[in-house]
Amino acid sequence: MSVSVSIILLTVLVGGLSQEEYCSARDAESCQESETDAGKPFMYTKAINEKYQKYLTTIRDAEKNYKECNNTKHECFKYVILRDLRPFKKKGINEEMINAAKTRGTFYQLIKGTLYREKDCMFPSRCAGIEHFLLKVIANLSDMDLVINTRDYPQSSEYFGNPLPIFSFSKTPQYYDIMYPAWAFWEGGPAISLYPRGLGRWDQHRKSLNKANMETPWERKESKGFFRGSRTSSERDNLILLSRNKSYLVDAQYTKNQAWKSNEDTLHREPASVVSLESHCAYKYLFNFRGVAASFRHKHLFLCRSLVFHVGDEWTEFYYDAMKPWIHYIPVSRHADQKELEDLITFVIDNDDLAKKIADRGRDFIWNNLRMSDVTYYWKQLLKSYSKLFEYKPVLKSDLIKIGKGR
């Protein structure tokens with residue numbers, strides 16, 4: 001029983017409050033007022049009401065409106081393909097658009113079931129990760145030209161010209177880029193000392209993180225927040241500062257990145273050591289921040305069966321929108337100050353059963369709907385839909401190299 005609830009119970013005994021006037025945060029469901037009570041929100045004692053009601057009401061409303069997607073019928077992400085291709089549906093895709101897009105990504109051609117690529121690739125491991133999936137799905141697809149962006153940042157902004165058919169792994173709503181499953185599902189991703197070739201191999205991480213989560217069930221996890229990462233942006237600073245001020249709530253520290261020069265780059269402290277993804281599973285609450293674009297660690301954190309605090313809602317990958325705030329994770333404003341972060345962490349500590357429920361739903365969503373087979377299927381449906389938009393017949397360019405035939 002939490003300290004706050006103990007205090008309230010003592011108040012009940014001393015002050016003689018009736019049963020109807022008291023309700024703990026954990027008993028929110030049973031304390032909801034009747035529908036006939038003028039539509040008023042459910043009430044608790046003043047302290048609980050002021051501290052947690054906004055969170056509990058938001059969660060209740062989210063659960064009321066949530067409908068679970070069914071990816072056994074490939075329903076979870078199909079609307080993302082429709083949305084991303086919509087800007088090109090009316091006029092189609094012509095060769096002029098492809099030529100304009102070429103300078104912003106790596107040019108591929110799919111001709112008669114064989115994959116070709118321009119000779120130079122800015123990030124070879126990223127191209128290799130992309131090509132792994134392309135070769136799996138192209139055998140029976142129509143001929144097409146593809147411009148695939150391997151940079152972190154999207155390339156076709158709605159503020160600068162007409163839509164260009166450029167594939168990017170992540171974007172914000174201000175970009176026309178067509179989202180594809182990132183190369184890091186197979187190869188590449190951020191390279192650190194523990195993962196010198198990049199994260200990669202999502203299939204292997206699924207197994208190792210699932211094992212770590214079973215070895216450290218919820219009851220044995222430490223009841224505090226956790227974060228390790230470099231200082232990609234100042235959005236992460238308040239969590240680091242909260243950790244320094246109230247280490248019993250959160251353990252958040254900056255690590256080195258490739259640009260690190262001095263302690264100034266880690267907010268005037270010695271950089272912490274990097275930790276494995278599996279080590280994150282020892283904590284109940286894990287924080288996810290964007291990097292330059294969406295964060296590659298996002299999907300991994302959920303497999304710990306820990307509660308994910310996802311900071312910001314602007315940057316997305318293809319599967320993000322199917323996951324719902326307060327259902328699968330706790331949303332956090334990227335402008336959250338230390339007080340807001342402290343309130344959220346305290347809320348989940350004091351509402352352990354509810355926190356576990358959200359953590360379970362987040363883990364199960366990723367485990368059931370983001371298998372390697374789901375990633376491959378998304379690639380296939382994306383390219384199949386994309387190829388139908390072509391207004392010309394692609395002809396093989398003589399300066400490309402052959403990657404391989406579809407499997």
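Helices and strands are DSSP runs, of at least four residues for helices (H or I) and at least two for strands (E), numbered from the N terminus. With that naming in hand, a loop can be placed by the strands around it: lysine 112 sits in the loop between β1 (106-111) and β2 (114-118). Lysine 112 is not a glycine, yet its phi is positive, at about 50 degrees. The residue has a relative accessible area of 71%, over the 50% that marks a residue as exposed.

Histidine 268 can be read alongside it. This residue belongs to the loop between β7 and β8. Its phi is also positive, near 65 degrees, in a residue other than glycine. Histidine 268 counts as exposed, with a relative accessibility of 59%.

A wider view helps to set these details in place. The model is predicted, and its pLDDT averages 87 over the protein, with 85% of the residues scoring at least 70. Residues 1-45 have a pLDDT below 50, and this stretch makes 53 contacts in the model beyond near neighbours in sequence. The protein contains eleven helices and eleven strands. Of its 407 residues, 53% are buried. Contacts also reach across the sequence: among those between residues at least 6 apart, 67% join residues at least 24 apart.

Attention now turns to one sheet. Strands of a sheet pair through backbone hydrogen bonds, either parallel or antiparallel. Here, five strands form an open sheet with parallel pairing, in the order β7-β6-β8-β9-β10. The edges are held by β7 and β10 (330-332), each of which pairs on one side only. Direction ignored, neighbouring strands of this sheet are turned by 20 degrees against each other on average. Helix α7 packs on the sheet, where it touches β6, β7 and β8, and its direction makes about 125 degrees with that of β7.

The edge strand β7 repays a closer look. Its pairing with β6 is parallel and runs over five bridges. In β7, valine 250 is the bridge partner of glycine 225. Although β7 is an edge strand, four of its five residues are buried, so β7 is largely enclosed by the rest of the structure.

Helix α7 (residues 237-245) can be followed residue by residue. Its buried residues are Asp237, Leu239, Ile240, Leu242 and Ser243. An α-helix has 3.6 residues a turn, so residues three or four places apart point the same way. The buried residues of α7 pack against three strands, β6 (222-229), β7 (250-254) and β8 (283-288), and also against helix α9.

Helix α9 leads on to another meeting of elements. Two packed helices are described by the angle between their axes and the distance between the axes. For α9 (residues 338-350) and α10 (residues 352-369), the axes come within 5 Å and cross at roughly 100 degrees. Angles of 65 to 115 degrees count as roughly perpendicular, and α9 and α10 are therefore roughly perpendicular to each other. On the α9 side, the contact is made by Phe347, Val348, Ile349 and Asp350, while α10 contributes Asp352, Leu354 and Ala355. By class, the contact of α9 with α10 has five nonpolar residues, two charged residues and no polar ones.

Conventions
Residues are numbered from 1 along each chain as its sequence is written. This is a predicted model: local features need pLDDT of at least 70, side-chain atom pairs count only at pLDDT 80 or more; totals for chains, interfaces and linings use all residues. Side-chain values use heavy atoms; hydrogens and water are left out. Axes are lines fitted to C-alpha atoms, for helices over the stretch in contact, and angles run from 0 to 180 degrees between N-to-C directions. Angles under 35 degrees count as roughly parallel, over 145 as roughly antiparallel, 65 to 115 as roughly perpendicular and the rest as oblique. Contact means heavy atoms within 4.5 Å. Ala, Val, Leu, Ile, Met, Phe, Trp, Tyr, Cys and Pro count as nonpolar, Asp, Glu, Lys and Arg as charged, and the others, Gly among them, as polar. Buried means under 20% relative accessible area, exposed over 50%, partly exposed in between (1.4 Å probe, protein chains only). pLDDT is the predictor's confidence in each residue, from 0 to 100. Two strands pair if DSSP finds at least two bridges between them.
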